[in-house]
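Work through the exercises below with the sequence and the model at hand. Try each task before reading its solution.

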Amino acid sequence: MSIAGIFPPIATPFDADGDVDYPALRANAARWMTTPLRGLVVLGSNGEAALVGDDEAERIVGEVRALVPRDRLVVAGTGRDATRATIDACRRAARVGADYALVRVPMAFKAQLTADALLRHYRAVADASPIPVLLYDFPQSFGLTLPPPVIVSLAAHENVVGMKESSGDLAQIADQVSSTPDRFEVVVGSAPTLYASLCVGAVGGVVAVANVVPEVCVRLYEATRAGRHDEALALQRRLTPLARAVTATYGVPGLKAAMSIAGYRGGLPRAPLAPCPPAVEAELRAMIDALLRD
């Protein structure tokens, strides 16, 4: 299998009581499957994974898998702070049909998470996981980055098949591509750098804005891969303002508001996160209207 293509790191919709809104989750998954997305990433950072319990996580992955055809991929976020808990999450995700495990760095006890500690953690997870493992580097969110020598070492493990790089650092992405085997695939997690990342060797993107305008993201990807660089660059310029708004500027609440504006069922964020105020929703609506009108 290859992870080349565009994936949304799907939002997890919650209702007014803070419970997972499974009908909304299923409606969104079914609609995304009418688009040319490569698959769905469940319980990544934008899925509020840190706010979801293990039993909820297993059901969420299973509900999504039931609506995603087998020729498309389901990637499940399974990173936990403890190695043992991460292994258990990988096994549970595999049991309900996930194709890949997306494993973030541990976030507790950062001072003790040396290169050797990270290698031990990821090797233990990769040895035990029934499904292939994707590394997940997002220092702005996790407060810790995967050192390049660790990535190179882990890329030699037969069950570590790629990584999601969300730093937005193009030089870092290019180094990851050039220093790892061809079978090790890098996808970018920063939509404002999607075009440039594809140009330096990334095979696709796991980008939040694909929750909202998946077709535009896929068009950008396909234009770049086909060498239509003027078209791709124009799409990147149009996409970037909305991409920044639903990530760095307004975060998960902004993403969910934008999804609802675009006709998906974003639902509410789970506490302690709070919904966007009306002024932000109006700003997001104007961005979406402008993007889809052009």
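## Exercise 1: a helix pair

Describe how helix 1 and helix 2 pack in this predicted model.

Step 1. Set the geometry. Helix 1 covers residues 22-32 and helix 2 covers residues 54-65; their axes lie 9 Å apart, at an angle of about 35°.

Step 2. Assign the hand. The crossing of helix 1 over helix 2 is right-handed.

Step 3. List the partners. Helix 1 brings Tyr-22, Leu-25 and Arg-26. Helix 2 answers with Glu-56, Arg-59, Ile-60, Glu-63 and Val-64.

Step 4. Sort them by class. The contact holds 4 nonpolar and 4 charged residues, and no polar ones.

Step 5. Check the spacing against helix periodicity. An α-helix has 3.6 residues a turn, so residues three or four places apart point the same way.

## Exercise 2: the largest pocket

Find the volume of the largest pocket, then say what lines it.

Step 1. Take the volume. It is about 800 Å³.

Step 2. Locate the centre. The lining counts 39 residues, and the closest to the centre are Ser-45, Asn-46, Tyr-136, Phe-138 and Ser-141.

Step 3. Map the lining onto elements. Strand 4 (100-104), helix 5 (139-142), helix 10 (229-249) and helix 11 (251-261) each give two or more residues. Helix 10 gives the most, with 4 residues.

Step 4. Split the lining by class. There are 19 nonpolar, 15 polar and 5 charged residues.

## Exercise 3: enclosed space

How many cavities of 30 Å³ or more does a search of the whole structure find? Characterise the lining of each.

Step 1. Recall the principle. Rolling a probe the size of a water molecule over the atoms shows where empty space is left.

Step 2. Count. The search finds 2 cavities of 30 Å³ or more.

Step 3. Treat the largest cavity. Its volume is about 90 Å³. The lining includes Leu-43, Asp-54, Ala-57, Glu-58, Val-61 and Gly-77. Thr-78, Arg-80, Ala-89, Arg-92 and Ala-93 also line the largest cavity.

Step 4. Assign its elements. Helix 2 and helix 3 each supply at least two lining residues. Helix 2 gives the most, with 4 residues.

Step 5. Classify that lining. It has 5 nonpolar, 2 polar and 4 charged residues.

Step 6. Treat the second largest cavity. Its volume is about 70 Å³. Among its lining residues are Ile-3, Phe-7, Val-41, Val-75 and Leu-102. Leu-134, Met-163, Lys-164, Val-187 and Val-206 line it too.

Step 7. Classify again. The second largest cavity is lined by 9 nonpolar residues, no polar ones and 1 charged one.

## Exercise 4: three residues

Decide for Gly-79, Asn-211 and Arg-120 whether each is buried or exposed.

Step 1. Place Gly-79. It sits in the loop between strand 3 (73-77) and helix 3 (83-95). Its relative accessible area is 9%, so it is buried, the cut-off being under 20%.

Step 2. Find its contacts. Beyond four places in sequence, Gly-79 meets Thr-86, Leu-102, Val-103 and Arg-104.

Step 3. Place Asn-211. It belongs to the loop between strand 8 (204-206) and helix 9 (214-225). Its relative accessibility is 0%, so Asn-211 counts as buried.

Step 4. Find its contacts. With residues up to four places away in sequence set aside, Asn-211 touches Pro-8, Pro-9, Ile-10, Ala-11, Trp-32, Leu-255, Met-259 and Tyr-264.

Step 5. Place Arg-120. It lies in helix 4 (residues 115-128). At 58% relative accessibility, Arg-120 is exposed, because the cut-off is over 50%.

Step 6. Compare sequence and space. Arg-120 and Thr-83 are 37 residues apart in sequence, yet 9.0 Å apart in space, C-alpha to C-alpha.

## Exercise 5: an enclosed helix

Why is helix 11 described as largely enclosed by the rest of the structure?

Step 1. Count the buried residues. In helix 11, 10 of the 11 residues are buried, so the rest of the structure largely encloses it.

Step 2. Name them. The buried residues include Gly-251, Val-252, Pro-253, Gly-254 and Leu-255. Lys-256, Ala-257, Ala-258, Met-259 and Ile-261 are buried as well.

Step 3. Find the packing partners. These buried residues pack against helix 1, helix 10 and helix 12 (278-293).

Step 4. Look past the end. Just after helix 11, Gly-263 has a positive phi of about 100°.

Notes. Residues numbered from 1 in each chain as written. Predicted model: local features only at pLDDT ≥ 70, side-chain atom pairs only at ≥ 80, totals over all residues. Heavy atoms only, no water. Axes fitted to C-alpha atoms, helices over the stretch in contact; angles between N-to-C directions. Left-handed = near helix turned anticlockwise from the far one by under 90°. Contact = heavy atoms within 4.5 Å. Nonpolar A, V, L, I, M, F, W, Y, C, P; charged D, E, K, R; others polar. 1 Å grid on protein atoms, 1.4 Å probe; cavity = no way out; pocket = protein on both sides within 12 Å on 5 of 7 lines; lining within 4 Å. Points joined across faces, edges and corners; volume = space filled by probe spheres on them. Buried < 20%, exposed > 50% of the residue type's maximum accessible area, 1.4 Å probe, protein only.
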